[in-house]
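Dear colleague,

I am passing on the structure below, together with some notes on what turned up in it. Please read them with the structure open beside you.

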Amino acid sequence: MHNSKGRKAAYRSRLLTCGATLAIVAACAVPAAHAQDANTAQQAPAASDDTTTVVVTGIRKGIQDAITAKKKSAQIVEAVSAEDIGKLPDQSIAESLARLPGIAAQRTNGRAQTLAIRGLGPDFTVTTLNGREQVSTNDNRSVEFDQYPSELISQVVVYKTPNAGMTDQGIAGTADLQTVRPLAYGKRALAVSVRGEQNSESARIGGMKNTGNRYSLTYIDQFMDKKVGVAFGYAHTESPYQTLKKESWGYPTCSACAPADQNLLITGGEKDAVDSSFLKRDGYMGVLEFKPNDQLHMTFDAYHSDFQELQRIARLEYPLAWGANQLEPGYSTNSEFVSAGTFDKVKTVVENYVNQRKDKLDAFGWNTTYDLNDKWSLMADLSESKVDRTDVQVESTAGTGPNGSGATDTVSFTQQGFGLTTLKSNLNYADFDTIFLTDPGGWGGPLASSRAGYAREPHVTDKIDSAKLAATRKFDSGFLSDISVGYDHTEHRKHKDGIEGYLGLPGGVAQASIPSQYRNGTTQAGFLGSSGGMVSYDALGLYESGYFTYVEETAASAVQKTWTVNETLDTFYVKGDIDTTLWGLPVTGNMGLQSVHANQKATSFYTDGTAAGVTPQSGGASYTDILPTLNLNFQLADDTVMRFGAGTTIARPRMDDMAAGTSYSTAVNTNPSIIGANKYYWSGGGGNPALRPWKANDFDLSVEHYFGRKGYVSGAIFYKDLTTFIYNQTVLKDYTGVDPSGACWADAAHTVKVIDNTVGSPYNGQWVCAQADANRIGTTSAQANGHGGYIKGVELTVSMPGELIAPWLDGFGVIWSASYNASSINPTGTNAYDVPGLSKEVMNTTLYYEKHGFSARISNRYRGDFLGEVPDYTNSLSNTWVHSENVVDAQLGYSFEDGPLKNLAFSLSASNITNEPFYTYQGKGLPDHILRYEKYGSTYLFGVSYKFF
């Protein structure tokens, strides 16, 4: 494996060096070529204006439209545009965006799902659809891009600098998904595409498959002498994915080893799994435009997504060093680990898990602009975005007997490079006569020995309603070309029901045979260490049939998962567009100011971990943020611009961190500096409803040189001064409203029992319950605002068609970008804080060819190590270190350009060609201490499309 690591590093180096070399050669060679082409370069219309005759198609059209959007923007932006109607360059929006400068994707279940912009994770980015903030299907605010079919999106623009007129923006940036505008498109069109999909890995679990399909239809038309425009789109996706997964419990020191080896690390336990999953999504898009005259323009757009995902997991969980098992003599070691050995008497847990997600997402927007005269114009925009999500997560356990009473296993292990552990067991886990539904690990709970699993059914609703009004005054001369004044009122409500509990066997028995009607045969489990496989059964069917008994979990960790957050944001802004001359140079841009008043309230529960000790609780805050912005674009030459941006931005806190719920207990004060001496006080941990946003002062500078609309080179630097950061702290909390009997196990008079649950005896010489009742000020461990630090970086980009270098390279091209980021966040003054999403290096390389109807592209995305927000076993996000990765994608295509088959096209694409693993590790600087290792296989799609004009 160490040799493999070297080969992968060498491969990455060759691929990235190749792209960088081509890019640098192109940048150096192009001025002379451009001089000849400068007078003939065809200027593109604005990104939203498709009325000009299109002279290029496919890959080059997408590139040129994106370059046009970047070139004409008043801010620092990156863009990706559709290559054709209903065809972004990749299978998903996130994959397309992840190849833009300074942007990286994080994979979840093999799919690029969330984005980090300029080293800041998804919490710091706002995603909008046609300029309006979108809700999220997860527990927080970050949008999961697999909810939006790429076939229905015509362009995505990522704004890296703020603009006072944009009332939805984050510290990292704003990603705006845009659907087609039929009047701007200017002609009738109908596009149909059908693609088949296959994963390179076979489906490993019965009833699942490794093939899928995608088909889409887009229709655009204009009526009433182009006063009315309509666009409709439908995209259907059925996509399988397979995962081979290894999870480690961690790496304790080897106390069972010989004295000389007891400082070595050893695997504490392993959870090895295979899963087969299937995603089904139907997306609908509609746009209606009405422009009866030059004064009035109305646009109504709607989007709907119906998303379903089923994930079946087969897993063998081996308790090893942390399972009170016997390490046999004869083990092997290296400088850090016990590298090989054998454990005896292992109580293996046989697990059949199911995760099912269903959600419906809707977004509506109605925009009206009206020009009163040639000086004044008015705008009104109404929108709603909402989602309803329900999960069913069933963890069903089986084994040879309850709490290890059945046959135990002998498991040998080998520690490979990268810290991976390969296991080999001796017990047969594929025999339905010897493997029973039971609690082999002795995890117990309120069901005691009859426990056979755990289930969760979280339900999330999220809704954003917004109304925006603005007035604009134009000027014929002066420093400003116009001034806009606006007001935006937004109401955001998110609610989560965190329902979960224990599953027990009928009749309270300790073990039961798996009912025959739910048996699915055998799952091949060689990857899991069992050459004979393991039993496979329908855990979801068992659960939904009512086979199990159910006892709800009352622990604090479960109760705190139910919460509601309500936000009302009132934003006033003034923005002036700049069009002047400074130091002899034409200067454009904008300047402005926002005042954002937030009124937030969160409700959930206080809990002491018992059913009786649950008390509703709410809290909140009201505050105002003042956010200035400035964007200046200096036209250094005809095709060279220097952009400067500055402003203050905020990113609203995570909603699960704002929940008011707190676990609680009372204790003797051991830290008088907190609330004073000689007091008993309350303590707990949970949410912070008064949490305020992250806040930063941003500074950006970029220089961009364009070669007409065909290519460009650019360099940019940025600096973000994070004036406030959110991190876990111990802060004061008022526990008024909590029944102290829950904390003290006392009666209403607080005189019977004290905190140690001993009748009639004092604790530390005083009555704790009485003291706690008198004093309601305590502490809680929660996310809170503190001092920040900085994030800074450099971005380099070259987008170059070969024809600008030499005529014989006509049709070829290269796009290369690299970003280098650094941060220093030290909110406590003692320990540096790692920013989620920050990769020190991100590098993207694309080589393409397109001519005579043929097209080809190969792309590599490299992302360095970073602290990721990774879904855990409950689908909640947790911060975990993620190893660097290279993801290689490619596509081939042919489109008939004339004859009876004109506009018919074929395509073949492949993603994750090298089957790059995704793996997380235990802590910064410990890449060999792997916690999760996943491989997804490659995905191939073959498609046919046809356009009617």
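Through how many residues does a hairpin join strand 14 to strand 15? The hairpin runs through 4 residues; please keep in mind here and below that this is a predicted model.

Strand 15 is a good place to begin. Spanning residues 338–346, strand 15 is joined by 2 bridges to strand 14 (residues 332–333), and these two run antiparallel, with Thr333 standing opposite Val338 of strand 15. Another 2 bridges join strand 15 to strand 13 (residues 326–327), again in an antiparallel arrangement, and here Leu327 has Phe343 as its bridge partner. Strand 15 is also joined to strand 18 (residues 409–415), antiparallel and through 5 bridges, where Ala340 is partnered by Thr414.

Turning to the aromatic side chains, the structure holds 24 aromatic pairs. One of them is formed by Tyr894 and Phe896, which meet edge-to-face at 5.0 Å centre to centre, with 85° between the planes. Both residues belong to a cluster in which ring pairs also link Phe854, Phe906 and Phe942. Tyr894 has a relative accessible area of 28% and is therefore partly exposed, and Phe896 counts as partly exposed because its relative accessibility is 23%, where under 20% would have meant buried.

Finally, there are charges placed over rings: the charged end of Lys246 sits over the ring of Phe527, 5.1 Å from its centre, while Arg863 lies over the face of Phe866, at 3.4 Å from the ring centre.

With best wishes

Key: Residues are numbered from 1 along each chain as its sequence is written. This is a predicted model: local features need pLDDT of at least 70, side-chain atom pairs count only at pLDDT 80 or more; totals for chains, interfaces and linings use all residues. Side-chain values use heavy atoms; hydrogens and water are left out. Two strands pair if DSSP finds at least two bridges between them. Rings of Phe, Tyr and Trp (its six-membered ring) pair if their centres lie within 6.5 Å; planes under 30 degrees apart count as stacked, over 60 as edge-to-face and the rest as tilted. Buried means under 20% relative accessible area, exposed over 50%, partly exposed in between (1.4 Å probe, protein chains only). A charge sits over a ring if NZ of Lys or CZ of Arg is within 6 Å of the ring centre and within 35 degrees of the ring normal.
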